[in-house]
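Work through these short exercises on charged side chains. Try each task before you read its solution.

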Amino acid sequence: MNDRRAVRTGFVCIIICYILWGFQPLYWHLDGTFDSMFLMASRSISASLFCLLLLTAQGKLEQFRAVFRDRKVLVREIPAAALLFGDWFVFIWGVQHAQVLECSVGYYIQPLVVFAFGALVFHEKCRAYHFAALALMIAGIVISAAALGALPWVTVSLAVMFAVYAAIKKSLTIDSIVSTSVEILLAAPFMLAYLLIFRRGPGGLAELTPLRALFLLGGGIVTGLPMLLYSVGVRRLKLMTVSIGQYISPTLGVVCSLILRESITREKLWSLAFIWAGILIYAGFTLRDQKRSSQ
């Protein structure tokens with residue numbers, strides 16, 4: 001694949017991924033029967049089935065098996081999988097506890113955290129406006145923390161976990177779809193054991209109906225498809241480009257929080273205002289730099 005076609009493919013994949021992610025809160029809000037841990041375990045298993053079908057269809061099962069024979073790759077895939085599942089759990093917990101807006105704020109500040117890893121690990125340039133944008137975003141988090149009386153752990157944990165995950169993904173050289181499938185499938189046996197041993201009763205497998213089973217299976221597609229699209233996109237685009245496009249997802253998340261009728265206090269609005277100011281500075285100057293470099 002030539003460079004232009006690779007970039008075009010990566011761009012399309014990343015945009016579709018962010019749109020799907022943006023509307024995910026509405027999907028996980030459909031059924032309030034199950035708790036966060038049960039949903040995450042079910043999500044892991046159904047996403048694993050989706051990945052296995054995709055790998056089979058693309059003839060990549062041998063590449064998938066080869067990863068488990070490569071210790072150097074596994075050293076990176078295992079922490080990537082842990083970060084991925086941590087992100088999933090916090091996100092589902094946030095949706096179930098009316099904190100979709102806090103999740104969105106976490107995803108808003110991710111791009112600058114991702115950029116920081118890009119600067120530290122991949123030696124991407126760091127300019128004064130990056131520090132200004134970061135300062136405004138930190139101010140937004142401080143305002144949110146003051147309003148809550150505690151650190152907004154949902155926001156901070158989502159931002160940090162996925163930023164580290166993105167940096168690990170950038171360092172991998174194996175096929176992007178294979179890589180993401182490995183991460184999803186690594187935890188599946190443990191999640192299946194958890195369901196069969198601890199969640200067979202009320203609030204778990206005993207509550208399954210055909211419609212709820214379909215909902216949980218659909219979670220595999222809702223989960224696996226955007227992750228695979230993201231994996232393709234992040235490998236073909238600069239982390240800077242990935243970071244700017246990422247604002248699509250939390251913006252749609254804010255829309256979802258309004259649809260779900262979450263309360264938006266004055267402090268939350270001020271927090272969002274500072275964060276958006278940082279975003280505008282970061283995105284505006286980044287786009288300016290990219291235009292200058294292309295001339």
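## Salt bridges, step by step

The model is predicted. A search of the whole structure gives 6 salt bridges. The exercises take up some of them.

**Exercise 1.** Find out what links the side chains of Glu62 and Arg65, and where the two residues sit in helix H4.

*Solution.*
- Step 1: Check the distance. N to O is 3.2 Å.
- Step 2: Apply the cut-off. A salt bridge needs the nitrogen within 4 Å of the carboxyl oxygen, so Glu62 and Arg65 form one.
- Step 3: Place the pair. Helix H4 covers residues 61-67, and Glu62 and Arg65 are 3 residues apart in it. That spacing is about one helical turn.

**Exercise 2.** Which residue forms a salt bridge with Arg69? Then classify Arg69, Glu62 and Arg65 by exposure.

*Solution.*
- Step 1: Name the partner. Arg69 meets Glu62 in a salt bridge, at 2.9 Å from N to O.
- Step 2: Classify Arg69. Its relative accessibility is 58%. Exposed means over 50%, so Arg69 is exposed.
- Step 3: Classify Glu62. Its value is 43%, so Glu62 is partly exposed.
- Step 4: Classify Arg65. Its relative accessible area is 43%, so Arg65 is partly exposed.

**Exercise 3.** Describe the salt bridge between Glu207 and Arg212, and name the network these residues belong to.

*Solution.*
- Step 1: Read the distance. The N to O value for Glu207 and Arg212 is 3.9 Å. The cut-off is within 4 Å, so the pair counts.
- Step 2: Look at exposure. Glu207 has 29% relative accessible area and is partly exposed. Arg212 has 23% and is partly exposed.
- Step 3: Widen the view. A network of salt bridges links Asp31, Glu207 and Arg212.

Definitions and conventions. Residues numbered from 1 in each chain as written. Predicted model: local features only at pLDDT ≥ 70, side-chain atom pairs only at ≥ 80, totals over all residues. Heavy atoms only, no water. Helix = DSSP H or I, 4+ residues; strand = E, 2+ residues; numbered from the N terminus. Buried < 20%, exposed > 50% of the residue type's maximum accessible area, 1.4 Å probe, protein only.
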